[in-house]
Amino acid sequence: MKLLQRQILMRSFVAMTALFLFLFTGSQHSLSFAHTKDESVYISGNWVEDEVGWRFVNQWNLSSPAGAWVEYQGNSYYFMDNGYMVTGWKCLNNHWYFFNTEKGKQEGAMAIGWVHDPDYNGSFYTNEYGILSTGWHRVSGSWYYFNQNQDGVLGLMATNRMIDGSYVDEKGRMNEVR
């Protein structure tokens, strides 16, 4: 009987320790070379905006994610070390990502697919992990070239010019089979 009581006490201690670590130590994430949903923190709480920007406050311990990827309602977000949500272009682990800059429900969500950036008056493409594409890429059956050199705007889609002996039109599509 004493052994059973000891086992119950030990299991209770382990469960309470795990609960304490979950609720009070904040969220930790593992680093990878590209963002994956596996490395993200899944959160529940409230968005809070102030003069600096948007933060997300955890409903369980009033902490905010910092220096972490977060998944919320099907979107990926990144929060800087100061706890504020990123918008616009951000380089993380040597990869460029774009986070929606438009005000509203999708603000700060990581973009996947086509991105039109009025600051550069052009288009970019991010892959299924949100990483900026460079070089030649096939998108929806057509080939496109995205600047891979640092001498211009990295990832900017080429238009109306010859690239590697192939012409890309005003929509960025290559006009011949590659």
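**Note on a predicted model**

1. Asn 121 is found in the loop that joins strand S8 (113-117) to strand S9 (122-126). The model under review is a predicted one. Asn 121 has a phi near 50°, a positive value in a residue other than glycine. As background, most residues other than glycine have a negative phi. With a relative accessible area of 67%, Asn 121 is exposed, because exposed means a value over 50%.

2. Gln 73 may be read alongside that residue. Its place is in the loop between strand S4 (68-72) and strand S5 (75-79). Gln 73 is not a glycine, yet it has a positive phi of about 50°. Its relative accessibility is 59%, and Gln 73 therefore counts as exposed.

3. The overall arrangement should be kept in view. The protein has one helix and 13 strands. From the N terminus on, the order of elements begins with α and continues with β. Of the 178 residues of the protein, 37% count as buried. The accessible surface comes to about 11600 Å², and carbon and sulfur atoms account for 54% of that surface. Among contacts between residues at least 6 apart in sequence, 36% join residues at least 24 apart.

4. Strand S9, which follows the loop of Asn 121, also holds Ser 123. Is Ser 123 buried or exposed? The relative accessible area of Ser 123 is 18%, so this residue is buried; the limit for that class is under 20%. Leaving out residues up to four places away in sequence, Ser 123 touches Trp 114, Val 115 and His 116, and also Gly 155, Leu 156 and Met 157.

5. Val 139 lies in strand S10, which spans residues 135-139. Val 139 counts as buried because its relative accessibility is 5%. Which residues does Val 139 contact, leaving aside its neighbours within four places in sequence? They are Trp 114, Tyr 125 and Tyr 144. Gly 113 is 26 residues from Val 139 along the chain, and the C-alpha atoms of these two residues are separated by 9.0 Å.

6. The nonpolar cores deserve a separate point. In soluble globular proteins, nonpolar side chains tend to be buried together. In this model the largest nonpolar core has eight residues: Trp 69, Tyr 78, Val 86, Leu 92, Tyr 97, Phe 99, Met 110 and Ile 131. Apart from this core lies another, of seven residues, including Phe 56, Val 70, Phe 79 and Met 85.

7. Phe 99, a member of the largest core, has contacts that can be listed individually. Residues up to four places away in sequence are not counted here. Among the residues that Phe 99 touches are Trp 69, Tyr 78, Val 86, Leu 92 and Met 110, which also belong to the largest core. Phe 99 also touches Ser 76, Tyr 77, Thr 87, Gly 88, Lys 90, Gly 108 and Ala 109.

8. The aromatic residues complete the note. The structure holds 19 aromatic pairs. One of them is formed by Trp 136 and Tyr 145, with 5.3 Å centre to centre and 65° between the planes. This pair is edge-to-face, a class that requires planes over 60 degrees apart. Both Trp 136 and Tyr 145 are buried. Elsewhere in the sequence, Trp 47, Trp 54, Phe 56, Tyr 72, Tyr 77 and Phe 79 form one aromatic cluster. Phe 56 and Phe 79 of this cluster are also among the members of the seven-residue core.

Key: Residues numbered from 1 in each chain as written. Predicted model: local features only at pLDDT ≥ 70, side-chain atom pairs only at ≥ 80, totals over all residues. Heavy atoms only, no water. Phe/Tyr/Trp six-rings, centres within 6.5 Å; stacked < 30°, edge-to-face > 60°. Buried < 20%, exposed > 50% of the residue type's maximum accessible area, 1.4 Å probe, protein only. Helix = DSSP H or I, 4+ residues; strand = E, 2+ residues; numbered from the N terminus. Contact = heavy atoms within 4.5 Å. Areas by Shrake-Rupley, 256 points an atom, 1.4 Å probe, with all protein chains shown as cover. Core = buried A, V, L, I, M, F, W, Y, C linked by side-chain atoms within 4.5 Å.
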